[in-house]
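Q: Please take a close look at the cysteines of this structure. Which of them are paired, and where do they sit?

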Amino acid sequence: MSAECTSYLNADKVLVSGFSCPRTGGDARAVYCCGFQDVKYCCDDPHSFFPYEHSYMWWLSVGALVGLSIAAVVLFAFIITVCVLCYLFISTKPRSKLDTGLSLQMADSETRGSSIC
């Protein structure tokens with residue numbers, strides 16, 4: 001069994017001539033033509049999209065999960081801190097006006113007249 005990979009333009013816009021799979025000197029199991037419009041290669045799985053081992057994708061996924069987990073924890077801590085500070089601000093506000101100890105009442109006219117002498 002063999003497959004034909006047609007010619008294509010790579011990412012640098014250079015024409016790559018067509019070839020048949022499996023390539024001479026290559027893996028005998030790679031009988032399918034795989035890849036995209038700008039990169040084609042022989043592979044042993046017709047549903048393969050990348051010419052690399054898939055293990056690197058797992059580490060990218062783990063790294064993304066760790067990063068997202070850290071971001072979620074930081075966001076959660078920020079929200080909890082804001083809620084606690086708001087609660088403390090609201091609960092420590094005085095319920096009524098503070099008593100300054102000064103009486104701001106008008107003095108009687110009799111008391112004012114006698115003190116002017």
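**Cysteines, paired and unpaired**

A: Cys 86 has a relative accessible area of 41%, so with buried meaning under 20% and exposed over 50%, Cys 86 is partly exposed. In this predicted model, Cys 86 takes part in no disulfide, and the nearest cysteine sulfur, that of Cys 83, is 6.7 Å away. A disulfide requires two cysteine sulfur atoms within 2.5 Å, so a distance of 6.7 Å does not qualify. Cys 83 is likewise in no disulfide, and its relative accessibility of 48% makes Cys 83 partly exposed.

Other cysteines are bonded: the whole structure holds three disulfides. One of them joins Cys 5 to Cys 33, with an S to S distance of 1.8 Å. The torsion about this S-S bond is about 125°, so the disulfide is right-handed. Cys 5 lies in strand β1 (residues 3-5) and Cys 33 in strand β5 (residues 32-35), and the two are 28 residues apart. Cys 5 is buried at 2% relative accessible area, whereas Cys 33 is partly exposed at 29%.

Another disulfide links Cys 21 and Cys 42, S to S 2.0 Å. Here the torsion is about -85°, so this disulfide is left-handed. Because Cys 21 belongs to strand β4 (residues 19-21) and Cys 42 to strand β6 (residues 40-43), the pair ties together parts 21 residues apart in sequence. Both Cys 21 and Cys 42 are buried.

Cys 34 and Cys 43 form a disulfide with S to S 1.7 Å, and both of these cysteines are buried. With the bonded cysteines numbered in sequence order, the pairing reads 1-3, 2-5, 4-6.

How values were computed:
Residues are numbered from 1 along each chain as its sequence is written. This is a predicted model: local features need pLDDT of at least 70, side-chain atom pairs count only at pLDDT 80 or more; totals for chains, interfaces and linings use all residues. Side-chain values use heavy atoms; hydrogens and water are left out. Helices (H or I, at least four residues) and strands (E, at least two) are DSSP runs, numbered from the N terminus. Buried means under 20% relative accessible area, exposed over 50%, partly exposed in between (1.4 Å probe, protein chains only).
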